[in-house]
Amino acid sequence: MYIVCKWTWDMGHGTWSLSYGWLQSISSVNCEVDQPSPSLMESLASSSAIPLLSPPPSALSINTTRKPRNSVSFKHRSQQVWCTSSSTMNTTPSDLSTKTTKEEKLWGGRFEESVTDAVERFTESISFDKALYKQDIRGSRAHASMLARQGLISVGDKDSILQGLDEIERRIEDGEFVWRTDREDVHMNIEAALTDLIGEPAKKLHTARSRNDQVLTDFRLWCRDAIDNIVAHIKHLQVALVTLATKNENLIVPGYTHLQRAQPVLLQHLLLAFVEQLDRDAGRLLDCRERLNFCPLGACALAGTGLPIDRFMTSSDLGFTSPMRNRISDRDFVLEFLSANSITAIHLSRLGEEWVLWASEEFGFLTPSDAVSTGSSIMPQKKNPDPMELVRGKSARVVGDLVTLLVLCKGLPLAYNRDLQEDKEPVFDSTKTIIGMLEVCAEFAQNITFNREKIKKALPAGYLDATTLADYLVKKGIPFRTSHDIVGKSVALCVSKNCQLQDLSLEELRSLNPVFDEDVYEFLGVENAVKKFCSYGSTGSECVAEQLDLWVTKLQINTAGHK
């Protein structure tokens with residue numbers, strides 16, 4: 001049995017191809033099999049290395065993204081068949097080498113040995129930082145254009161680089177690009193692929209640039225895009241909450257402090273409290289975006305360059321405010337970003353907790369639709385608000401991502417250290433998680449109804465109008481501390497009589513203090529109590545209506561048919 005084979009590197013597709021021919025059929029091979037080109041079959045058919053039959057036998061092309069060894073084996077029926085690159089061999093070779101030839105690293109000039117497989121696996125980051133490919137290509141486009149304008153590369157080289165980057169981006173987005181672990185990270189994968197594609201001009205792209213400033217530029221661009229995405233999702237949730245508020249006008253619910261009945265509030269007032277929290281969350285993210293929007297590109301490893309580059313040009317082309325004045329490596333912008341995400345996650349967790357409680361049988365204030373509920377594997381009657389429970393749970397994950405970065409950075413000396421490779425995954429995870437939390441909260445808000453009758457029946461308990469009664473006494477000229485004491489005694493009287501404050505007679509109230517008059521009953525009962533709130537930002541009907549109108553206008557919500 002004789003086989004001829006040849007390894008060929010396909011720069012266009014980033015794969016190695018093994019071409020071979022044989023006299024008898026091969027039952028199985030250890031690679032993916034594709035049909036060969038006619039020229040390949042002709043080449044095999046005319047090979048003098050094999051006594052081919054007439055007509056020529058079939059030929060196959062095998063493609064693999066892994067760099068080939070010096071030998072490859074195939075199974076022919078029950079017999080193992082070997083062949084080596086560009087050679088012919090009998091089925092029982094005696095001196096076959098199996099050593100793998102590794103691609104030389106782009107930084108490998110001063111090294112005499114390749115890194116071990118274990119080191120390569122441990123140090124690679126392409127498995128996760130390929131998410132930066134758009135930003136990396138965008139940064140390289142700007143850098144190449146600047147180098148050409150400064151005369152550091154020719155216009156022809158610049159055009160070749162830009163065309164090559166366009167092609168690489170197309171292949172990535174079409175799923176044709178092969179990410180290689182031996183090329184370590186997104187930057188080296190793209191640069192090496194560009195070199196394979198266009199040759200020598202690609203080797204000029206890294207002029208006046210280090211991977212240190214390159215990755216920092218990519219990461220700032222990515223975080224900037226991520227912040228814009230998160231802020232858009234925050235607005236979507238705000239719209240859902242405001243819309244929910246417009247559908248529940250004049251609905252009074254118990255307000256709680258210490259998880260104990262406190263004062264009556266309008267449901268709209270509670271919902272708008274979460275809208276306000278989210279607005280501050282968006283503000284923190286936008287503040288972070290403003291601070292991170294400075295360009296490190298061209299600062300190189302840490303000290304800049306002796307070449308006449310124009311950092312203001314690249315900064316402007318990439319949409320940054322200006323170049324960073326002193327880009328000694330730091331990740332404070334990442335810490336700030338994840339801190340803002342964590343605060344947002346805590347707010348969402350609290351919203352989740354509120355709604356999980358309200359959906360319980362003990363509260364029964366709201367009912368989620370089946371579309372946002374799950375059941376139990378053993379208890380047929382269960383209907384669980386699982387999405388909001390997971391919002392509560394996933395907040396821990398977002399906070400954990402922040403803690404990971406804080407601990408990662410706490411002991412690093414100035415400038416870049418390889419530890420910082422570990423900053424990407426927590427940021428990617430935090431961003432993905434917070435977006436998911438925002439999405440499901442909005443979905444939940446659009447799929448719940450408030451149980452008005454059950455809420456109304458629950459309102460009398462807890463003496464929610466007690467503070468309003470104290471306000472009544474203050475208006476009568478009684479010092480607040482004295483008023484507080486009088487109302488406390490009034491509540492104690494109600495407890496002994498098992499009644500509400502509004503059920504006490506005027507004589508009973510006057511037995512506590514003679515200042516009480518008939519007008520006191522205008523302050524008692526939850527409806528009257530809510531009407532008496534008048535301070536800016538309070539739960540009074542007019543105040544809440546003003547707040548609601550403000551948010552409807554700010555978020556450009558069409559409320560037709562909601563009320």
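## The chain as a whole

In the protein chain, residues 24 or more positions apart make up 73% of the contacts with a separation of 6 or more. Keep in mind as you explore that this is a predicted model.

How many helices and strands does the protein chain contain? There are 18 helices and 13 strands. The chain has 563 residues, and 47% of them count as buried. Its accessible surface is about 28100 Å², with 51% of that belonging to carbon and sulfur atoms.

## Two rings in two helices

Let us turn to the aromatic rings. The structure holds 11 aromatic pairs. One of them joins phenylalanine 219 and phenylalanine 333: the ring centres are 6.1 Å apart and the planes meet at 75 degrees, so this pair is edge-to-face. An angle over 60 degrees is what earns a pair that label. Where do the two partners sit? Phenylalanine 219 belongs to helix α7 (residues 211-246) and phenylalanine 333 to helix α10 (residues 332-358), so the pair links distant parts of the chain, 114 residues apart.

Are these two rings buried or exposed? Phenylalanine 219 has a relative accessibility of 1% and counts as buried. Phenylalanine 333, at 3%, counts as buried too. The cut-off for buried is under 20% relative accessible area.

## A second pair and a cluster

Helix α10 also takes part in another ring pair, through tryptophan 358. The ring centres of tryptophan 358 and phenylalanine 450 lie 6.2 Å apart, and their planes are at 80 degrees, so this pair is edge-to-face. Because tryptophan 358 is in helix α10 while phenylalanine 450 is in strand β13 (residues 448-450), the pair ties together parts that are 92 residues apart in sequence. Tryptophan 358 and phenylalanine 450 are both buried.

Which residues do ring pairs join into a cluster? They are Tyr256, Trp358, Phe363, Phe365 and Phe450.

## Charges over rings

Rings can also have charged partners in this model. The charged end of arginine 224 sits over the ring of phenylalanine 320, at 5.0 Å from the ring centre. Phenylalanine 219 comes up again here: lysine 424 lies over the face of its ring, 5.2 Å from the centre.

## A pocket lined by helices and strands

Now for some empty space. The second largest pocket has a volume of about 510 Å³. It is lined by 20 residues, and those closest to its centre are Tyr256, Leu270, Phe274, Arg350 and Glu354. Tyr256 is also a member of the ring cluster.

Which elements give two or more residues to this lining? They are β8 (252-257), β9 (260-266), α8 (267-292) and α10. Helix α10 gives the most, with six residues.

Helix α8 is home to glutamine 268 as well. With a relative accessible area of 6%, glutamine 268 is buried. Leaving out residues up to four places away in sequence, glutamine 268 touches Ala245, Thr246, Asn248, Glu249, Asn250, Val544 and Leu548.

## Two unusual backbone angles

Most residues other than glycine have a negative phi, and most peptide bonds are trans. Against that background, alanine 208 is worth finding in the model: although not a glycine, alanine 208 has a positive phi of about 60 degrees. Its place is in the loop between α6 (186-198) and α7. The relative accessible area of alanine 208 is 9%, so this residue is buried.

Cysteine 300 is not a glycine either, and has a positive phi of about 60 degrees. Where does cysteine 300 lie? Look in the loop between β10 (294-295) and α9 (311-317). Is cysteine 300 buried or exposed? At 10% relative accessibility, cysteine 300 counts as buried.

## Around alanine 148

A last stop is alanine 148, in helix α4 (residues 133-149). Its relative accessibility is 13%, so alanine 148 counts as buried. Which residues does alanine 148 contact, leaving aside neighbours within four places in sequence? The answer is Ile153, Ser154 and Lys158. Alanine 148 and lysine 158 are 10 residues apart in sequence, and their C-alpha atoms are 6.2 Å apart in space.

Definitions and conventions: Residues are numbered from 1 along each chain as its sequence is written. This is a predicted model: local features need pLDDT of at least 70, side-chain atom pairs count only at pLDDT 80 or more; totals for chains, interfaces and linings use all residues. Side-chain values use heavy atoms; hydrogens and water are left out. Helices (H or I, at least four residues) and strands (E, at least two) are DSSP runs, numbered from the N terminus. Buried means under 20% relative accessible area, exposed over 50%, partly exposed in between (1.4 Å probe, protein chains only). Contact means heavy atoms within 4.5 Å. Accessible areas come from the Shrake-Rupley method with a 1.4 Å probe; for residues, only the protein chains shown count as cover. Rings of Phe, Tyr and Trp (its six-membered ring) pair if their centres lie within 6.5 Å; planes under 30 degrees apart count as stacked, over 60 as edge-to-face and the rest as tilted. A charge sits over a ring if NZ of Lys or CZ of Arg is within 6 Å of the ring centre and within 35 degrees of the ring normal. On a 1 Å grid over the protein atoms alone, a cavity is a set of points where a 1.4 Å probe fits but cannot get out, and a pocket is an open set with protein on both sides within 12 Å along at least five of seven lines; lining residues have an atom within 4 Å of a point. Grid points are joined across faces, edges and corners, and a volume is the space filled by probe spheres set on the points.
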